[in-house]
Structure formats: structure tokens, C-alpha cells
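Biologist: Could you pull up that model and talk me through it?

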Amino acid sequence: MEQLLEKTARARSISLEEARAEEHAQNPTGRVGTTSEFGAAAAFLCSQYAGYIVGQNLLLDGGAFNSTL
């Protein structure tokens, strides 16, 4: 993610902070997910509590993909 932000900043001649702010603004939550959030989702999917979940695509994107359009 950082490398992508750095590349975007260079390509657009903006600061890394500006590129990061633009990336965050594109998501309905106003931020990107944390490693802890992705880790918790992975841990759940590997746990006994996810035993009835089969063959699903679970989006961990903070609502960035709008399937109602």
C-alpha cells in the first residue's frame, strides 16, 4: 500500500500525505483497513465459528464496493 501511495504521489507530483488523504477519501469509512482488521477476519474464517461458511467472497473493503448500483 505504501509503495502504491508513493508511486501515485510521484506520478501526480503531490506529497505522500496528500496521496494518502485522497486514498482514504475514496472509501466510505474515510480510511483503509488495518492489519489487525484483516487478521481478525482471517482468524475468524479459520476458526470453528466459520464452519458453515462455504465458497463465499467476503469483501474487506470498508464499503468501497457498492453492489446495489
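What follows is a short back-and-forth on the fold, the salt bridges and the surface.

Biologist: Before we get going, what kind of model is this, and which pattern does the chain follow along the sequence?

Modeller: It's a predicted model, so keep that in mind throughout. The chain has three helices and zero strands. Read from start to end, the pattern is α-α-α.

Biologist: Is the chain a compact globule or more spread out, and what is its radius of gyration?

Modeller: For 69 residues the globule rule gives 11 Å, and this chain comes out well over that, so it's more spread out than a compact globule. The C-alpha trace spans about 50 × 30 × 20 Å along its principal axes. As for the radius of gyration, the value is 16 Å.

Biologist: What share of the residues in the chain is buried?

Modeller: To count as buried, a residue has to be under 20% relative accessible area. The accessible surface of the chain is about 5700 Å², with 56% of it belonging to carbon and sulfur atoms. Out of the 69 residues, the buried share is 9%.

Biologist: Among contacts between residues at least 6 apart in sequence, how many percent join residues at least 24 apart?

Modeller: Here we're leaving out pairs that sit under 6 apart in sequence. Of the contacts that remain, the share joining residues at least 24 apart is 24%.

Biologist: On to the charges: which residue does Arg 20 meet in a salt bridge?

Modeller: The structure holds three salt bridges, and this is one of them. The N to O distance is 2.8 Å, and the pair links distant parts of the chain, with Arg 20 in helix 2 (residues 16-25) and its partner 18 residues away in helix 1 (residues 2-12). Arg 20 is partly exposed at 23% relative accessible area, and the partner is partly exposed too, at 38%. That partner is Glu 2.

Biologist: And what is the N to O distance in the salt bridge between Glu 22 and Arg 12?

Modeller: That pair also links distant parts of the chain, as Glu 22 is in helix 2 and Arg 12 in helix 1, 10 residues apart. Glu 22 has a relative accessible area of 32%, while Arg 12 has 46%. Their side chains meet at an N to O distance of 2.3 Å.

Biologist: Which residue does Glu 37 pair with, and is that partner buried or partly exposed?

Modeller: Glu 37 has a relative accessible area of 36%, so it counts as partly exposed. Its side chain meets the partner's in a salt bridge at 2.7 Å, N to O. The partner has a relative accessible area of 34%, which makes it partly exposed, and its name is Arg 31.

Biologist: How big is the nonpolar surface patch that includes Phe 44?

Modeller: Phe 44 lies in helix 3 (residues 35-45). A residue needs over 30% relative accessible area to join a patch, and Phe 44 has 38%. Leu 45, Tyr 49, Ile 53 and Leu 58 make up the patch with Phe 44, and its area is about 510 Å².

Biologist: Last one: how far apart in space are Ser 15 and Leu 5, C-alpha to C-alpha?

Modeller: Ser 15 is in the loop between helix 1 and helix 2. At 29% relative accessible area, Ser 15 is partly exposed. Ser 15 and Leu 5 are 10 residues apart in sequence, and the C-alpha to C-alpha distance is 9.5 Å.

Notes: Residues are numbered from 1 along each chain as its sequence is written. This is a predicted model: local features need pLDDT of at least 70, side-chain atom pairs count only at pLDDT 80 or more; totals for chains, interfaces and linings use all residues. Side-chain values use heavy atoms; hydrogens and water are left out. A salt bridge is a side-chain nitrogen of Lys or Arg within 4 Å of a carboxyl oxygen of Asp or Glu. Helices (H or I, at least four residues) and strands (E, at least two) are DSSP runs, numbered from the N terminus. Buried means under 20% relative accessible area, exposed over 50%, partly exposed in between (1.4 Å probe, protein chains only). Patches are made of residues with over 30% relative accessible area and no salt bridge: like charges are joined within 9 Å, nonpolar side chains (Val, Leu, Ile, Met, Phe, Trp, Tyr) within 5 Å. Accessible areas come from the Shrake-Rupley method with a 1.4 Å probe; for residues, only the protein chains shown count as cover. The radius of gyration is taken over C-alpha atoms; the globule rule is 2.2 Å times the number of residues to the power 0.38. Contact means heavy atoms within 4.5 Å.
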